[in-house]
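Colleague: I should like to learn how to read the features of a structural model, one at a time. May we go through them together?

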Amino acid sequence: MQQSREACPCGLGVPYSECCGRWHRQGQEAPTAELLMRSRFTAFAIGDAPYLRRTWHASGRPGRIDLDPGTRFTRLEILGTTGGGLFDKEGTVHFRAHYVEDGHAGVVEEDSRFVREGGRWLYVAAID
């Protein structure tokens, strides 16, 4: 698990405990779609499958999430956002997630859709 004083994997440059760690502990909710995206990237990076399930909209949430221990997420780039703010009900985040798998570098690029329900941002799905 991520050490609390180490820089958060999401790339904002602050310690994990002051960044995505606060969302992962269930005490607070990410206030914007972008911060939820960053916290989900961090969950992939540290292997927090329960957080990924908890922040996935029920319409597409898998019954189980098996994270590959051979995949290491290394860097997140936020390329753009629409909506997703404090007073919005939906938003999108366009991102690139860099990873290493079996010694080879890879990138996942996606436009993700988020909705806010009951005051919580949730990941819905990739936009085709």
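Modeller: The discussion below takes up cysteines, two histidines, an arginine and two pockets in turn. Please note that this is a predicted model.

Colleague: Let us begin with the cysteines. How many disulfides does the model contain?

Modeller: A disulfide is a covalent bond between the sulfur atoms of two cysteines. In this model the count is zero. The cut-off between the two sulfur atoms is 2.5 Å. For Cys8, the closest cysteine sulfur is that of Cys20, at 3.6 Å, so the pair is too far apart for a bond. For Cys10, the closest cysteine sulfur belongs to Cys19, and at 3.5 Å this is likewise too far for a bond.

Colleague: Is Cys10 buried or exposed?

Modeller: Cys10 is buried, because its relative accessible area is 0%. Cys8 also counts as buried, with a relative accessibility of 5%.

Colleague: I turn now to His24. Where is His24 found, and which residues does it touch?

Modeller: His24 belongs to helix α1, which covers residues 20-24. Its relative accessible area is 8%, so His24 is classed as buried. Leaving aside residues up to four places away in sequence, His24 touches Tyr16, Ser39, Thr42, Ala43, Ile46, Asp48, Tyr51 and Arg54. With one of these residues there is a polar approach: a polar atom of the His24 side chain lies 2.9 Å from the backbone oxygen of Ser39.

Colleague: How should His57 be read; is His57 buried or exposed?

Modeller: His57 is buried, given a relative accessible area of 14% against a limit of 20%. His57 lies in the loop between α3 and β1. The side chain of His57 makes a polar contact of 2.8 Å with the side chain of Ser59. When residues up to four places away in sequence are not counted, His57 touches Val115, Glu117, Leu122, Tyr123 and Val124.

Colleague: What is the place of Arg64, and is Arg64 buried or exposed?

Modeller: Arg64 sits in the loop between α3 (49-54) and β1 (71-83). Arg64 counts as exposed, because its relative accessibility of 64% is over the 50% limit. The Arg64 side chain makes a polar contact with the side chain of Asp66, at 2.8 Å. Separation can also be given along the sequence and in space: Arg64 and His104 are 40 residues apart in sequence and 26 Å apart from C-alpha to C-alpha.

Colleague: Finally, I should like to understand the pockets. What volume does the largest pocket have, and which residues line it?

Modeller: Rolling a probe the size of a water molecule over the atoms shows where empty space is left. In this model the largest pocket has a volume of about 230 Å³. The lining of the largest pocket is formed by Met37, Arg40, Phe41, Phe44, Trp56, Phe73, Phe95, Ala97, Val108, Glu110, Ser112 and Tyr123. Two or more lining residues come from each of α2 (33-46), β2 (90-101) and β3 (104-117). The largest share, four residues, is supplied by α2. By class, this lining has nine nonpolar, one polar and two charged residues.

Colleague: Which elements each supply at least two residues of the lining of the second largest pocket?

Modeller: They are α2 and β1. The second largest pocket has a volume of about 180 Å³. Among the residues that line it are Pro9, Ile46, Asp66, Leu67 and Arg72. By class, the lining of the second largest pocket has six nonpolar, two polar and three charged residues.

How values were computed
Residues are numbered from 1 along each chain as its sequence is written. This is a predicted model: local features need pLDDT of at least 70, side-chain atom pairs count only at pLDDT 80 or more; totals for chains, interfaces and linings use all residues. Side-chain values use heavy atoms; hydrogens and water are left out. Buried means under 20% relative accessible area, exposed over 50%, partly exposed in between (1.4 Å probe, protein chains only). A polar contact is a pair of N or O atoms within 3.5 Å; within protein, one must be able to donate a hydrogen and the other to accept it, and residues adjacent in sequence count only if both atoms are side-chain atoms. Contact means heavy atoms within 4.5 Å. On a 1 Å grid over the protein atoms alone, a cavity is a set of points where a 1.4 Å probe fits but cannot get out, and a pocket is an open set with protein on both sides within 12 Å along at least five of seven lines; lining residues have an atom within 4 Å of a point. Grid points are joined across faces, edges and corners, and a volume is the space filled by probe spheres set on the points. Ala, Val, Leu, Ile, Met, Phe, Trp, Tyr, Cys and Pro count as nonpolar, Asp, Glu, Lys and Arg as charged, and the others, Gly among them, as polar.
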